[in-house]
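The following exercises concern confidence, helix packing and burial. Each task is followed by a worked solution.

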Amino acid sequence: MNGLLDAAVVVDPAGHLLQVNQRFRELAGVAGAPLDDTSLNTLLRGPFQSRHAHAIARHFAAGHTAPLTLAGIVGRRGRRGVRCRLTVSPIAHPIVAFLVVFRAAAPLPKPQRRRLRLEPARIDSLTGLASRAQFVDDMARAVERAHLLEQRLVLLIVGLDRFREVNEGHGHDRGDAVLIAIARRFTTAVRSEDHLCRWGGDEFACLLVIDGPDQAPVAVAERLLAAVALPVDFDDRAIAVGASIGFARLPEDALTASELVAAADRALDDAKAKGGMQWQAFTPAMTARARERSAIRDELSRALHGDELQLFYQPLVDARTLMPIGVEALIRWVHPRRGILAPSAFLTLLTSSPSRARQLLEIQIARARAELAFLEAVGGELAINFDARLVGDDAARAILEPLRMAMRERGMWLMVELTESAFNEQPTRLRRFIDGVREDGVRLAIDDFGGGQASLLRLREITFDVLKVDRALIRDLEQSPRDRTISALAAKVAGELSGRSVAEGLETAAQIAWAQRLGYHALQGFRIARPMPAAELANWLRVWRADGRPTLQTEIRTLSLPAASRAP
């Protein structure tokens, strides 16, 4: 009881004091007085005595379990009373009992009023939600109450995905408008008794008291995700963001407010690491993963200034002849202790800011330029992945120039690959970037097409050379006629708009055979070649010509594919 922030007592149904804390003694002016057999009514002034007794009896006799809030004046006779707000709740006690929590509402003395002016704001000035300072205070009281009443709490922390891109691409005024719109949606997605706040920046938090099934926090998380999924409409266009949610439970995952926040934060990190637009509940394993991510983040600083970040190259072949037509450069981290790490293990940490993304681009361009002699064995095109956050960055565009010039001297072409996420950029900014790189003599590919949320209508706004269809539309070509129809349409769109389509992620001869039949122009995947260091390309080419290509051609000829129409 003495650990509570507010004055509190436990009383029986008749109002007799069973337990009090020190804050109540100070509030009621009975700091040193014995309170045995004292009734709470004797400490309430005038009409509040009988009024409160009847109100409490009626409320809980009717079967209500929610707390009852009342007003009253507390203090012994002959002393100046303190006006308070009383919150009465039934609790588990050896006998039927109630917890009464008092919060003083009297005017503060001048010294305290001066201190109050220096305290953090209790309302977020932008969204109108509770501020983080207010939420932290509410959460501390909720945790104390949960321990006393044996309640369960759930803390959800919501982080908006791609919000930095909104600010950078559309301006901070539009970014603020998005936050306001999302906050309004969130207020309708949670219950009136839930605590909701702007946690800071592009994050929100929600605290739930759970007295029902374990699925309750999942239902709230799903409603919050649905609220974010709808674009925010402006006069000239709609702005879409996503959200990641992490949540943790008390007492299952944490016992204190700070532990609850730390657990929810780890769950949020896990949701973001898995691609966002999803929720994750805290598990103990996340603590180990969080430590692992922290260690990787620290080690990346060393890798950026050493030789550990290297390029591996994956060949592409012509769909008709199966002869190589170029390579795609893929970043790999050759870690001295962990071995070769794929981008999924570190790329989100490395490209967390435009400056880091630009630094990574510089490393890739320098590596590729140094290894051009090896790439010349395959010839054709070299594709470099270009971070969408650098679209419109003239300095990043200039980084490409030395490699482009060096490749031109060798009769090769440089191509930059943008994923569908680039479509989230401001259209004018995106078109200016695309027009600029093409004027520089750099080819453009749209990567992972069909696997994201970009509309086909957006393809009208840009000019590109290659459309690489996402592996999700390729994976089930053997089993799914519907996938074959959709994939054929994607190849048709690519061919009509750009002249070339690429099927990615090909792992079997049957998938390659279907890609050929559906009209793809180029092929890429493990069945053709895995990513490899530049020095191994010449040997792969010799083996491919002598054995790999003939063997694959024989496999394809022996396949008996069901009849299927080509792309319309």
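**Exercise 1.** Determine where pLDDT stays under 50 and how the surrounding confidence values compare.

*Solution.* In this predicted model, pLDDT stays under 50 over residues 112-119, a stretch with 2 contacts beyond four places in sequence. Next, consider the elements: helix α3 (residues 110-117) has the lowest mean pLDDT, 45, whereas β21 has the highest, 96. For the protein overall, the average pLDDT is 81, and 79% of the residues score at least 70. Where pLDDT is low, the predicted coordinates should not be read in detail.

**Exercise 2.** Classify the relative orientation of helices α6 and α7, and describe their contact.

*Solution.* Begin with the geometry: α6 (residues 172-189) and α7 (residues 216-229) pack at an angle of about 150°, their axes being 9 Å apart. Angles over 145 degrees count as roughly antiparallel, so α6 is roughly antiparallel to α7. The crossing of the two helices is right-handed. Then identify the residues: α6 contributes I182, R185, F186 and A189, which meet R223, L224, A227 and V228 of α7. By class, this contact has 6 nonpolar residues, 2 charged residues and no polar ones.

**Exercise 3.** Establish how many residues of helix α17 are buried and which elements they pack against.

*Solution.* Helix α17 spans residues 509-517, and 7 of its 9 residues are buried. These are A509, A510, Q511, I512, A513, W514 and A515. Their packing partners are α16 (481-497), β20 (501-503), β21 (522-523) and α18 (537-558). Finally, α17 is followed by G519, with a positive phi near 100°.

Notes. Residues are numbered from 1 along each chain as its sequence is written. This is a predicted model: local features need pLDDT of at least 70, side-chain atom pairs count only at pLDDT 80 or more; totals for chains, interfaces and linings use all residues. Side-chain values use heavy atoms; hydrogens and water are left out. Buried means under 20% relative accessible area, exposed over 50%, partly exposed in between (1.4 Å probe, protein chains only). Helices (H or I, at least four residues) and strands (E, at least two) are DSSP runs, numbered from the N terminus. Contact means heavy atoms within 4.5 Å. pLDDT is the predictor's confidence in each residue, from 0 to 100. Axes are lines fitted to C-alpha atoms, for helices over the stretch in contact, and angles run from 0 to 180 degrees between N-to-C directions. Angles under 35 degrees count as roughly parallel, over 145 as roughly antiparallel, 65 to 115 as roughly perpendicular and the rest as oblique. A crossing is left-handed if the near helix is turned anticlockwise from the far one by less than a right angle, and right-handed if clockwise. Ala, Val, Leu, Ile, Met, Phe, Trp, Tyr, Cys and Pro count as nonpolar, Asp, Glu, Lys and Arg as charged, and the others, Gly among them, as polar.
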